[in-house]
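Me: Please go through this two-chain model with me in questions and answers.

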Amino acid sequence: MSTTIGVIQFPGTNCEQDVVEALREVDAEAVVVWHGDERLPSVDGVVLPGGFAHGDYLRPGAIARFSPIMSAVRSFADQGGSVLGICNGFQVLTESGLLPGALQKNAGLKFLCGPAELVVCSTKSVITAESTVGTSLRIPVNHFEGNYTCDAETLASLRAGDQIVLRYADNPNGSVDDIAGICNERGNVVGLMPHPERAAHALLGSRDGAALLRSFVGESSRVPSGV
Amino acid sequence: MRFDVTVEVHLRPGIADPEGSTVERALPTLGFDGVSHVRVGKLITFELEADSAEQADQQATDMCQRFLTNPVIEDARVAVAEAQPA
C-alpha cells in the first residue's frame with residue numbers, strides 16, 4: 001500500500017502543488033489539507049509547504065499556528081508522526097514551538113532565489129535517514145527571512161542532540177552555524193529553508209531534493225497511519 | 001476601566017537589523033549626515049478593558065511574550081494610559 005502525505009494549505013501558501021507533484025515523483029500519494037480543517041485525514045506524514053501563510057502578517061508563521069489544523073498537526077507530531085516544514089513551513093514550525101529558534105531577515109537584506117549547496121550533517125531526521133553524513137546536495141532557496149537564529153544554549157543543545165540536519169556549504173543568509181535545516185529531539189519534525197520539491201526532477205536541474213522526500217516518505221510509512 | 005495600550009516592537013540588541021542599516025546608508029544621500037544606530041521596528045496600538053493600569057500592563061506584556069513578539073529575536077516596550085473619554 002502506498003504512503004499518503006497530507007500537504008497543508010494555509011491562505012497564502014503557494015508551494016503546495018509543487019510538493020504534491022514532487023511527492024508523486026517519489027511514489028507517494030499526496031492530499032492537500034485545508035488549514036481550517038480541525039482533523040487530518042488518514043495520512044502517514046504531513047508537509048507544511050512554502051509560501052506566505054496568512055500573508056506573513058505580524059511575522060512569518062505567527063498567525064498560522066492558530067489555524068485549526070495546527071492542533072491536529074501538533075498532536076500528530078507528539079505521537080511520532082513525520083512532519084516536514086519547508087521554507088514558510090519551517091517558519092510556522094518555529095513560531096508554533098514545534099522547533100526551537102527563529103528565522104530572521106537575511107543578512108544583507110536581499111531576497112535570495114537560487115540554487116544552494118547543502119551538506120547533510122545528521123541522519124537522525126526523517127528527511128536524511130536514508131542519506132549519509134557529508135553528502136552534498138544542490139537544492140534551491142527562495143526566501144527573505146531564512147536567517148536561522150537561536151540563543152547559545154539552544155545552539156549547544158542542537159549540536160549535542162545531533163539536530164542540525166543540513167548546513168549551507170556557502171552560507172547565503174547569515175544563519176548561525178550555517179544552519180539550513182534542523183529537527184526536533186526525536187527527529188520526526190524537520191524544518192528547512194531550501195525547497196526539496198524544486199529539485200525533484202531531472203528537468204529541474206537536480207534530483208537531490210527527491211532523495212530527501214523519498215526518505216521522508218519512507219520514514220512516514222514506518223509509523224502507523226493517522227497515529 | 002479602558003486603557004490605551006501602545007506596544008513598540010524592536011529587534012533585540014545583537015540581532016542584525018538589515019532594514020535599519022539600509023535606511024542608515026540611504027540618509028546621507030539626502031544630505032542627512034551624522035545619523036547612526038537606526039533601528040526599524042513596529043508599533044501596535046489597541047484599547048484594553050482592565051481593572052487597573054497594572055493589570056492592563058501585565059496583560060499586554062503577556063500578549064507580547066506569547067504572540068505579539070517573537071522573544072527569540074524581538075523585544076517589546078509596553079505603555080499603558082487611561083483612555084480619555086471620547
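The turns below take up chain A, the contact between the chains, and then chain B.

Me: What kind of model is this, and at least what pLDDT do local features need?
Reply: Residues are numbered from 1 along each chain as its sequence is written, and chains are lettered from A and ligands numbered from 1 in the order in which they are written. This is a predicted model in which totals for chains, interfaces and linings use all residues, side-chain atom pairs count only at pLDDT 80 or more, and local features need a pLDDT of at least 70.

Me: How many helices and strands does chain A have?
Reply: Helices (H or I, at least four residues) and strands (E, at least two) are DSSP runs, numbered from the N terminus. On that basis chain A has five helices and 11 strands.

Me: What radius of gyration does chain A have, against that of a compact globule?
Reply: The radius is taken over C-alpha atoms, and the globule rule is 2.2 Å times the number of residues to the power 0.38. The C-alpha trace of chain A spans about 40 × 35 × 35 Å along its principal axes. For 227 residues the rule gives a value near 17 Å, which agrees with the 16 Å of chain A.

Me: Which residues of helix α2 in chain A are buried, and why do they line one face?
Reply: A residue is buried if 20 or more other C-beta atoms lie within 10 Å of its own, exposed if 12 or fewer, and partly exposed in between, with C-beta atoms placed from the backbone. In α2(A), residues 69-78, this holds for A:Ile69, A:Met70, A:Ala72, A:Val73, A:Phe76 and A:Ala77. Seen down the helix axis, the buried residues line one face because they fall within an arc of 155° (the arc of the directions from the axis to the C-beta atoms).

Me: Which strands pair with β3(A), and in what sense?
Reply: Two strands pair if DSSP finds at least two bridges between them. β1(A) and β3(A) have three bridges, with A:Gly45 as the partner of A:Ile5. β3(A) and β4(A) have four, and A:Val46 stands opposite A:Val83. The partners are thus β1(A) and β4(A), and the sense is parallel.

Me: How many residues of chain A are in contact with chain B?
Reply: Two residues are in contact if their C-beta atoms, placed from the backbone, lie within 7 Å. Chain B contributes eight residues, and chain A contributes 12.

Me: What is the strand order of the open sheet in chain B?
Reply: The sheet has three strands with antiparallel pairing. Its edge strands are β2 (42-49) and β3 (74-82), each pairing on one side only. β1(B) and β3(B) pair over nine bridges, one of which joins B:Phe3 to B:Glu82. The order is β2-β1-β3.

Me: At what angle to β3(B) does helix α2 of chain B run?
Reply: Axes are lines fitted to C-alpha atoms, for helices over the stretch in contact, and angles run from 0 to 180 degrees between N-to-C directions. The helix, residues 53-68, lies across β1, β2 and β3 of chain B, and its angle to β3(B) is about 155°.

Me: Is B:Arg2 buried, exposed or partly exposed?
Reply: B:Arg2 is in strand β1 of chain B. Leaving aside neighbours within four places in sequence, B:Arg2 is in contact with B:Glu47, B:Glu49 and B:Ala83. Because B:Arg2 has 13 C-beta neighbours inside 10 Å, B:Arg2 counts as partly exposed.
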